[in-house]
Every structure is written in structure tokens, then in C-alpha cells.
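Please examine the sequence and the model below. The paragraphs that follow lead through its strands and its cysteines.

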Amino acid sequence: MLINKYISETGHFSRRETTRRIAAGRITINGRVCVKGDTVEPGDVVLMDGEKIPERNPESVYIVLNKPIGITCTAAEHVEGNIIQYVNYPSRIFAVGRLDKASEGLILLTNNGDIVNKIMRSEHHHEKEYVVTVDKPVTDAFIHSMSKGVEILNVVTKPCEVYKQSEHVFRIILTQGLNLQIRRMCKALGYRVFKLERIRMMNITLDERLKKGEWRHLEQHELELLMSQLDPKRRSTHTKEKEV
């Protein structure tokens, strides 16, 4: 989001006044004096005269989108087919994590920046489940190799759960999110991905109610369970239980 728009949405300054303050060097983004045309991403620290700009406290928004192929998970306005324009929600939201343009399925969007790292950090062991269609028969050797870890991007992926679903389809449950991880893992083992769909993120799942391209708000019971899983104390207890 452009810095002028970002600050104007706090309700404290107009875009014109923001432009004047930018020209005067009074606004910084992550410690750097910003210039006209700079953009703000979720998690950036924006200061005015060295002080944080008070934010409005909008009602928290949590949306599940069944993303179709061809939509790009970015808030960059210049990117055609970006996810924010696609959803066209009336207030500012952003995607939690990514699904590449060629992939489809569940993605969460919110205006609550505090939950992003809590969900996406691999050390928190939050599960994301995918159904993958490949170009060759899924063998026991392939399942074994995928589940124990595959070397990609100069690292070995974390052990994960992999299940054969049909001759050319498997399900995989990850707790990390390397760039194009599943596609790269398959390629390293001599397979090509034809279709990749995320069907679950933690306790949030796709079902028949949400058709491709549609979105809905999280239901209260889904939100309560999600937040309980993001609580550090409960997460620590859950991890110990799994180790036992």
C-alpha cells in the first residue's frame, strides 16, 4: 500500500498533508526516511517524527478464500490479478502466507498483523495440508522419500506426513513453508506437479460450501479454536503432548 494511503487510513492525516510531511523527511519506514511512492507492507514500522502513528482499531476481519489458479498472493496494486483486488473487501486486509499463482485452495486473509508470524513460523509446528496431482504413479519409495525430507534450496525439508490417495494423487501435511516447497520436492524426485490444492490450514478447512473463487468469514467456533492454537501457553502444552 502506498505510504500516503496507509497514513490517511489511520484517520490522522490526509494524503496531501502526508505528502508534505514526506517531503520534509518527517516519516520513516523501518528506520529509513521514506520518499514519495514508497509502499508499506504488513509488519513494517512507520513512524512520524520518531513516534508511532496511532492506529484506528477496526473490527478484526478473518476471511477464508478458496483461491483459484491465476490469482497472485500480493497486495501490490500494480500486479494484475492480485488477491486484494480479487477479493475486493471494503477495508484493508492482506493474505497470511502465500499460494503460488499456479496453485489453488485455502488461504486466510485478515487485517490482524499480529497473527501472521504466529501462523507461518515453522517452529510453531502449525499444519498446512495439500492434495497434489503428479505426472507419474505415486510409489511407496516416493512417499517414503517425501516424508523423510528432500534436499531443496540447499536444505533438507522437515519430515512430514504423506499419504497416497490414488495412483497419481497424494496428500501432504507440512509444518514449514519454503518457496514452492512441494513443487521443488517433487521435481527433486523426478515428478512434475499437475495440480496443487491446499485444503487445510491448522483447524480451518475447505468444504463443499465454499466453491472455487468464493470467500467467507471465519465462523466463531473456527476463530476461537484458531486463537487458542496461537496462544503460546496452549501451544507449548500441545507440543509436549505430541512428543509424549
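In which sense do strand β11 (residues 161-166) and strand β12 (residues 169-174) pair, and over how many bridges? The model is a predicted one, and in it β11 and β12 pair in the antiparallel sense over five bridges. Within this pairing, V162 stands opposite I172 in β12. The two strands form a hairpin, with two residues between them.

Strand β7 is the next point of reference. Strand β7 covers residues 104-110 and is mostly covered, since seven of its seven residues are buried. Several strands pair with β7. Strand β5 (residues 62-67) joins β7 in the antiparallel sense, and six bridges link the two; here N66 stands opposite L106 in β7. Strand β6 (residues 94-96) also runs antiparallel to β7, to which it is joined by three bridges. In that pairing, F94 is found opposite T110 in β7. Strand β13 (residues 193-201), by contrast, pairs with β7 in the parallel sense, over two bridges. E104 of β7 stands opposite E197 in β13.

A further arrangement involves strands β1 to β4. These four strands form an open sheet in the order β2-β1-β3-β4, with antiparallel pairing. Why is one side of β2 and of β4 left without a neighbour in the sheet? Both β2 (32-33) and β4 (51-52) stand at the edges and have a single partner strand each, so one side of each lacks a neighbour in the sheet. Elsewhere in this order, strand β1 (residues 27-29) and strand β3 (residues 46-48) run antiparallel and are joined by three bridges. Between them, T28 stands opposite L47 in β3.

The cysteines may be considered last. How many disulfides does a search of the whole structure find? The search finds zero. C186 is accordingly in no disulfide: the nearest cysteine sulfur, that of C160, is 10 Å away, whereas a disulfide requires a pair of cysteine sulfur atoms within 2.5 Å. Is C186 buried or exposed? With a relative accessible area of 0%, C186 is buried, because the cut-off for a buried residue is under 20% relative accessible area. C34 likewise counts as buried, at 1% relative accessibility.

Definitions and conventions: Residues numbered from 1 in each chain as written. Predicted model: local features only at pLDDT ≥ 70, side-chain atom pairs only at ≥ 80, totals over all residues. Heavy atoms only, no water. Buried < 20%, exposed > 50% of the residue type's maximum accessible area, 1.4 Å probe, protein only. Pairing = 2+ DSSP bridges.
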